[in-house]
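Hello,

Here is the structure I promised to pass on to you. Have a look at it first, and then read my notes underneath.

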Amino acid sequence: MNKTSAPSPTAPAPPTSLPSPSPAPASPTSSTSSTSSTSSLRDLAPGVVGMALVGSSVTVSRTLVDAPLFGVQAVRYTAAALLLLALARFARVRILLPRGREWLWLAGIAATGLVLFNVAVVRGVAHAEPAVIAVAVASVPILFGVIGPLLEGRSPSRRVLLAAPVVVAGAVLVEGTGRTDAAGVGWAALALGCEAGFTLLAVPVLRRHGAWGVSLHAVWMGAVMLAVLTVCVEGPAELVSVTPRQWAAVGYLAVMVTAVAFLLWYRTVAAVGSGRAGLLTGIAPLAAAGAGAATGSGVPGPAVWLGLAVVITGLATGLRPERPGTPPTGDPAHGGADAADSSPVTPAGAG
């Protein structure tokens, strides 16, 4: 019989290797914060580009000061509407027909954000440098920060309400020190009201129509309004006097500032809410000042640049990501105002 011998009690125990400590799992809070920050930047980026294009439009509009105002704008928005329709069909986006009160909201966007806003810009740049007119657009956060969230059924965000006056203070500094006269200030004030209407009037219809639907309907309605004004006020024959350089400006405004910028802007408004998106309007005077300097319209003075720096400070305050572990101020469950719209941006009629 074979016996298995027991190990000697004095024999040293075989060496055992200690298990390597497993790497600590990534902090869920850190991972969530990083993902949230990336998502926030992705949602804000279209609005940044869109508002930069709006700012550049102020400088481009200087070219149209001597052109028939309503006629060239009617051509611009007609071309933009056709382009948006073609792009929507190419992207297979279904555009819904407005119903009930939606007609009034969309017509309001067209009347204020398209017709009156462009009258204010074109007439305003004849009395003031581009940064002065564009900075009026940067003053709307104080309206967006309060009125926008209320229209969306949420409470205003404390952070947006604190940042908005900073943006407005910078805007006032630019407005008060830039080259302008009383008429220029008046046109800038009208541009302010129209820019507010352009976004706030879209809030009730963005959920059903999306960025595509709101953009297309507002643009074709604006084209119709401007066509009627052309016939009644100027006469179509005035378009013969438009120069090739002015037509080039109209083409830029139709494609980049209307079709492209509208889609980008409404995408951000639907994604992050009108209160937070409104802070991005501070980018418009920066773009206008840069475009004005690049095209020879004049370099703003030191006080204007100081005002623009204050605007940037306000933007950084209002758009700063939340700290890890802190519930977003816009989370509807916590009564905030900066939450993204409960539904992501989807093609009109898809959701």
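Below is what I found, starting with the whole chain and ending with one residue.

Please keep in mind that this is a predicted model. The mean pLDDT of the chain is 75, and 71% of its residues reach 70 or more. Over residues 14-20 the pLDDT is below 50, and this stretch has zero contacts beyond near neighbours in sequence. Residues 326-351 also have a pLDDT below 50, but there the model shows 56 contacts beyond near neighbours in sequence. Where pLDDT is low, the predicted coordinates should not be read in detail.

As for the fold, you will find twelve helices and zero strands. Of the 351 residues in the chain, 47% count as buried. If you take the contacts between residues at least 6 apart in sequence, 88% of them join residues at least 24 apart. The chain exposes about 16,500 Å², and carbon and sulfur atoms supply 67% of that area.

Now for a single residue, Thr-258, which sits in helix H9 (residues 244-272). Is Thr-258 buried or exposed? Its relative accessibility is 0%, so Thr-258 counts as buried, the cut-off being under 20%.

What does the side chain of Thr-258 reach? One partner is the backbone oxygen of Leu-253, at 2.8 Å. The side chain of Thr-258 also makes a polar contact with the side chain of Arg-76, at 2.9 Å. Leaving out residues up to four places away in sequence, Thr-258 touches Arg-76, Tyr-77, Ala-80, Val-219 and Leu-253.

Happy exploring!

How values were computed. Residues are numbered from 1 along each chain as its sequence is written. This is a predicted model: local features need pLDDT of at least 70, side-chain atom pairs count only at pLDDT 80 or more; totals for chains, interfaces and linings use all residues. Side-chain values use heavy atoms; hydrogens and water are left out. Helices (H or I, at least four residues) and strands (E, at least two) are DSSP runs, numbered from the N terminus. Buried means under 20% relative accessible area, exposed over 50%, partly exposed in between (1.4 Å probe, protein chains only). A polar contact is a pair of N or O atoms within 3.5 Å; within protein, one must be able to donate a hydrogen and the other to accept it, and residues adjacent in sequence count only if both atoms are side-chain atoms. Contact means heavy atoms within 4.5 Å. pLDDT is the predictor's confidence in each residue, from 0 to 100. Accessible areas come from the Shrake-Rupley method with a 1.4 Å probe; for residues, only the protein chains shown count as cover.
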